[in-house]
Amino acid sequence: MKYLIGIDGGGTKTDCAIADLSGKIINQIKGKPSNFLVIGVEEAFENLFSLIEENLFQLEGDFADVKQIVIGVAGAGRDEDAMLLEKSFKDYAAEEGIHFKGVKVLSDALIALEGAFPDSVGCILIAGTGSILFGKDENGIIHRVGGFGRLIGDEGSGYSIGRKALNAVSKASDGRGEETLISELLNAKMNSGSANGIINKVYTEKLDVASVARIVIQAAEESDPIAEDILDEEADELVLHIRSLINKIQSDNLNVAFSGSLIDNKNFYSDLLKQKIKFTLPNVNIVKPASSPLSGAILFAKRIASTSGGQG
């Protein structure tokens, strides 16, 4: 039996599905993170390979049965980066004695878009560690907004929120800024204790800056004005993403699905974002995705396998 493999690689976990050639998922497991921007290429590939191996093992399948693999991961939005990752993953597998022929690396946003709107116009707004917006117009053309990375972009993301929060905490610690509940909650969770403690967490212990966004949301839910201001600014940035996409595809009505750990569940930030969209972009409809990013990866794998014989 020949298999299609779809992977949704994230910074905290990775989902891996195996489907038959019709696209029907027959086994699905979760594994360690595979966002190479966060953990590095070598560890990401090790986790991906182990996950594929375990999934095949559960089905009593073999690597030779794999027709096409599609890996959706952050940081693969540019073709040259995606092609480099494809080659590098094939090389890694070859060192393990496995020679994959069909491997395609895509942006995690692209597989999320395909899963959310497999046969229709729409866009997927992702806000987790990073942020990006992908949209598909009536001609099937894909449009992208944002996704420039944490150094020059990722507005509205966990990293951007976390960085602003840490800046507010540092200013409050030496009297340059107002006191904020974020400081208290951050200390309780991370035992930072002081300004020096925060510095050590960030620069020496390599604090996951994006994880601080959860603390900001908690503080906002407890009516902390600094936290509320940060989230208000960041939500405006995500609305700007959508406004830009509307201009690109020139659509009077647009369906938008949410994805990512910050906005795909109910909380202060996601509620605020929905309110802003409702009042500033009345022709935008927030809808639930038709299916998961993992299903989107399988759809891509099926399409590639049927059109190119699985040579990717």
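**Charges at the surface and a nonpolar core**

Glutamate 42 lies in helix H2, where helices (H or I, at least four residues) and strands (E, at least two) are DSSP runs numbered from the N terminus. The model is a predicted one, in which local features need pLDDT of at least 70 and side-chain atom pairs count only at pLDDT 80 or more, while totals for chains, interfaces and linings use all residues. Residues are numbered from 1 along each chain as its sequence is written, and side-chain values use heavy atoms, with hydrogens and water left out.

Glutamate 42 counts as exposed because its relative accessibility is 52%; exposed means over 50% relative accessible area, buried under 20%, and partly exposed in between (1.4 Å probe, protein chains only). A negative surface patch takes in Glu42 together with Glu43, Glu46, Glu53, Glu54, Glu95 and Glu96. Such patches are made of residues with over 30% relative accessible area and no salt bridge, like charges being joined within 9 Å and nonpolar side chains (Val, Leu, Ile, Met, Phe, Trp, Tyr) within 5 Å. Helix H2 (residues 41-58) supplies the largest share of the negative patch, five residues.

Turning to the interior, the largest nonpolar core has 49 residues, and Leu125, Ile182, Val216, Ile242, Leu254 and Tyr269 have the most contacts inside it. A nonpolar core is a set of buried Ala, Val, Leu, Ile, Met, Phe, Trp, Tyr and Cys residues joined through side-chain atoms within 4.5 Å. Among the elements that give two or more residues to this core are strand E6 (122-127), helix H5 (158-173) and helix H10 (268-280). Helix H9 gives the most to this core, with 11 residues.

Helix H9 also takes part in salt bridges, as the following pairs show. The count comes to 12 salt bridges, each a side-chain nitrogen of Lys or Arg within 4 Å of a carboxyl oxygen of Asp or Glu. In one of them, glutamate 233 pairs with lysine 164, the closest N and O atoms being 2.9 Å apart. Glutamate 233 lies in helix H9 and lysine 164 in helix H5, so this pair ties together parts that are 69 residues apart in sequence. Aspartate 232 forms a salt bridge with lysine 276, again with the closest N and O atoms 2.9 Å apart. Because aspartate 232 lies in helix H9 and lysine 276 in helix H10, the pair links parts that are 44 residues apart in sequence. Lysine 276 is buried, at a relative accessible area of 17%, and forms a salt bridge with aspartate 236, where the closest N and O atoms are 2.8 Å apart.

How values were computed. Accessible areas come from the Shrake-Rupley method with a 1.4 Å probe; for residues, only the protein chains shown count as cover. Lys and Arg count as positive and Asp and Glu as negative; His and the chain ends are not counted. The place of a charge is taken as NZ of Lys, CZ of Arg, CG of Asp or CD of Glu.
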